[in-house]
Amino acid sequence: MPELPYSPAADRNKQPILDALTRILGEDGTALEIASGTGQHAAWFAASMPRWTWQPTDADPRTLPALASRVAEAALPNLRPPLLLDVMSPRWPSQDTAFAEGEEEKFDAIYCANMLHIAPWATCAALMQGAARHLRSGGLLITYGPYFEDGVPTAPSNTAFDQDLRARSPAWGIRRLEDVAAEARRAGLALRERHAMPSNNLLLVFGR
């Protein structure tokens, strides 16, 4: 099997995020991961939460072969093969059979890490609207990454990171938590919890 892509940041933050998820989520359920990237989080969470089934996805079809290889290497019964899913698509996933609208086909959790700042702002509204469609009653949308907050001093590292992102693409950049929460409200979701995480990141929990 070829060497799999590896993200040092994903490896560093997987355990702190897992610690938060085990406090936030119930004992069992089905989770949809948006923007799985290398698949390190999905594999780690599935191995550590055996009563949760994880569905990894990514919007870039070029990442899917490596993501599928990571799933195969993990060989976990609760880790599904990856799907192509672009949040901007009118249906999820973007290919294959669309997730059904029936309650039995919805998810107990939707997890999205480090996407909003490396994607156009329109993806935020699309994420919120898609989550509202595909969360089971009582389900939670959980996002992770850097955010700016009104009234909270910004870490110099986040300021520098934001400048670097915007130099790479004018459509990118760290988002204001208040703007993200407003998009969630428009989709019928409310910000329920804010958890400070290492390296000046936040884990946000949204629900109906």
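Contact, as the word is used here for what covers a residue, means heavy atoms within 4.5 Å. The structure described is a predicted model, and residues are numbered from 1 along the chain as its sequence is written.

**Helix α6 and its surroundings**

In α6, the residues Leu177, Val180, Ala181, Ala182, Glu183 and Ala184 are buried, and the cover over the buried residues of this helix includes α4, β6 (147–148), β7 (175–176), β8 (190–197) and β9. Just after α6, Gly188 takes a positive phi of about 90 degrees.

**Nonpolar cores**

The largest nonpolar core holds 28 residues, of which Ile34, Trp92, Ile110, Leu127 and Leu141 touch the most other members. Two or more residues of this core come from each of β1 (29–34), β4 (107–113), α4 (122–134), β5 (135–145), α6 (177–186) and β9 (201–207), and the largest share, five residues, is given by α4. Helix α4 therefore appears in two roles, since it contributes to this core and is also among the elements that cover the buried residues of α6. A second core, separate from the one just described, has 25 residues, and Leu21, Leu25, Ile142 and Met197 are among them.

**Aromatic pairs**

Four aromatic pairs are found in a search of the whole structure. One of them joins Phe45 and Tyr111 in an edge-to-face arrangement, with 5.4 Å from centre to centre and 80 degrees between the planes. Because Phe45 lies in helix α2 and Tyr111 in strand β4, this pair ties together parts that are 66 residues apart in sequence. Phe45 and Tyr111 are both buried, and together with Trp54 they form one aromatic cluster.

Another edge-to-face pair is made by Phe99 and Phe107, whose centres are 5.1 Å apart and whose planes are at 75 degrees. Buried means under 20% relative accessible area, so Phe99, at 13% relative accessibility, counts as buried, and Phe107, with a relative accessible area of 2%, is buried as well.

**Pockets**

The two pockets are set side by side in the table, and their linings are described after it.

| Pocket | Volume | Lining residues | Lining by class |
|---|---|---|---|
| Largest pocket | about 930 Å³ | 41 residues | 21 nonpolar, 14 polar, six charged |
| Second largest pocket | about 160 Å³ | 13 residues | seven nonpolar, four polar, two charged |

In the largest pocket, the lining residues that lie nearest the centre are Ala113, Asn114, Met115, His117 and Ile118. At least two residues of the lining are supplied by each of α1 (8–24), β1, α2 (40–48), β4 and α5 (156–168), and the largest share, five residues, comes from α1. Strands β1 and β4 each supply residues to this lining, and both also give two or more residues to the largest nonpolar core.

In the second largest pocket, Tyr147, Glu149, Pro153, Asn158 and Asn200 are the lining residues that lie nearest the centre. Here β6, β8 and β9 each supply at least two residues of the lining, and these three strands are also included in what covers the buried residues of α6.

Notes: Predicted model: local features only at pLDDT ≥ 70, side-chain atom pairs only at ≥ 80, totals over all residues. Heavy atoms only, no water. Core = buried A, V, L, I, M, F, W, Y, C linked by side-chain atoms within 4.5 Å. Buried < 20%, exposed > 50% of the residue type's maximum accessible area, 1.4 Å probe, protein only. Helix = DSSP H or I, 4+ residues; strand = E, 2+ residues; numbered from the N terminus. 1 Å grid on protein atoms, 1.4 Å probe; cavity = no way out; pocket = protein on both sides within 12 Å on 5 of 7 lines; lining within 4 Å. Points joined across faces, edges and corners; volume = space filled by probe spheres on them. Nonpolar A, V, L, I, M, F, W, Y, C, P; charged D, E, K, R; others polar. Phe/Tyr/Trp six-rings, centres within 6.5 Å; stacked < 30°, edge-to-face > 60°.
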